[in-house]
Amino acid sequence: MTAPTTPGHGAPVDEADAHTLTGRARRWLLRKLPPEKLLPEDQPSFVASWAYVFGMGAIASLLWIIVSGVVLGLNGPQWYHVSSLGSFVNSTHLWSVELFFIFMVVHLWLKFWMASWRGGRVLTWITGVISFVASIGAAFTGYLLQTNFDSQWIAFEAKDALNAVGVGAWFNVANVGQLFTWHVTLLPLAVGAVVVLHVLLVRVHGVAPPLEAAESDAQLLHGRTDVTESTEATKPPEPAEPQQATEVGGAGQ
């Protein structure tokens, strides 16, 4: 018996009967990203390698960049120029940016040489590159918002360069209000959205296996090797068939 298309409150919904936009979106999301993929309890055995650590390091650095940036923005330049606590938070914000770029560059290079776009992961690789490019813009506008002599020097040197390529009127690095909007709102939203998309694509397609990994053991857990090879290797030898005894004498002897 088919479930009704408009069940009452609290009644189970058959995903095959989804007929609205939200219902179809829910069905698509559950098919592409079921809970066991979104929040897995285990990871493939090869993820224990150091080559898979730098992406998580970049995300951890990005989280502290956002937290410390919110604190700096709420308290203003005078706080982080005069207060010792503000100067400390400002320093941690700077060093988290440095670590973020170090981790991201290492992560991108490792994934490039590991050919991590294999297995339908091209969009995953592209979103990683886009997040890196957007992060350069966010870091550039951040250096221009130091509100000190260094930021003024960088701003007017960059102003000449941007005027030379014809975008200085649209992207005015001498306008502190415009830079604040780019650095605090637009670029962080862009970086955060692309990073979230990148992580979701990793969950959808799985972590890219090493080049030397066989197709059959690409997503195996707990250090297991190929199922077929392991089964064949551990299978006990079949007992030999008993040879037929030779009849010594016949009925007519």
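This is a short talk about two helix pairs and a nonpolar surface patch in one structure.

Okay, hi everyone. Before anything else, keep in mind that what you see here is a predicted model.

Let's start with the helix packing. Two packed helices are described by the angle between their axes and the distance between the axes. So take α3, residues 54-75, and α5, which covers 84-113. Their axes sit 8 Å apart, and the packing angle is about 155°. An angle over 145 counts as roughly antiparallel, so that's what α3 is relative to α5. The crossing here is left-handed. And what kinds of residues make up that contact? By class, α3 against α5 gives you 15 nonpolar and eleven polar residues, with no charged ones.

Now the other pair: α6, residues 122-144, and α8, residues 176-205. Here the axes come within 9 Å and cross at roughly 160°, so α6 and α8 are roughly antiparallel as well. α6 goes past α8 in a left-handed crossing. The residue classes in this contact are 14 nonpolar, eleven polar and, again, no charged.

Okay, on to the outside. Which residues form the nonpolar patch on the surface? They are Val105, Trp109, Phe112, Trp113, Trp117, Val122, Leu123, Ile126 and Ile130. Together they have about 880 Å² of accessible area.

If you want to find the patch on the model, look at two helices we've already met: α5 and α6 each supply at least two of its residues. Trp117, meanwhile, is in the loop between α5 and α6.

That's it from me, thanks.

Technical notes. Residues are numbered from 1 along each chain as its sequence is written. This is a predicted model: local features need pLDDT of at least 70, side-chain atom pairs count only at pLDDT 80 or more; totals for chains, interfaces and linings use all residues. Side-chain values use heavy atoms; hydrogens and water are left out. Axes are lines fitted to C-alpha atoms, for helices over the stretch in contact, and angles run from 0 to 180 degrees between N-to-C directions. Helices (H or I, at least four residues) and strands (E, at least two) are DSSP runs, numbered from the N terminus. Angles under 35 degrees count as roughly parallel, over 145 as roughly antiparallel, 65 to 115 as roughly perpendicular and the rest as oblique. A crossing is left-handed if the near helix is turned anticlockwise from the far one by less than a right angle, and right-handed if clockwise. Ala, Val, Leu, Ile, Met, Phe, Trp, Tyr, Cys and Pro count as nonpolar, Asp, Glu, Lys and Arg as charged, and the others, Gly among them, as polar. Patches are made of residues with over 30% relative accessible area and no salt bridge: like charges are joined within 9 Å, nonpolar side chains (Val, Leu, Ile, Met, Phe, Trp, Tyr) within 5 Å. Accessible areas come from the Shrake-Rupley method with a 1.4 Å probe; for residues, only the protein chains shown count as cover. A salt bridge is a side-chain nitrogen of Lys or Arg within 4 Å of a carboxyl oxygen of Asp or Glu.
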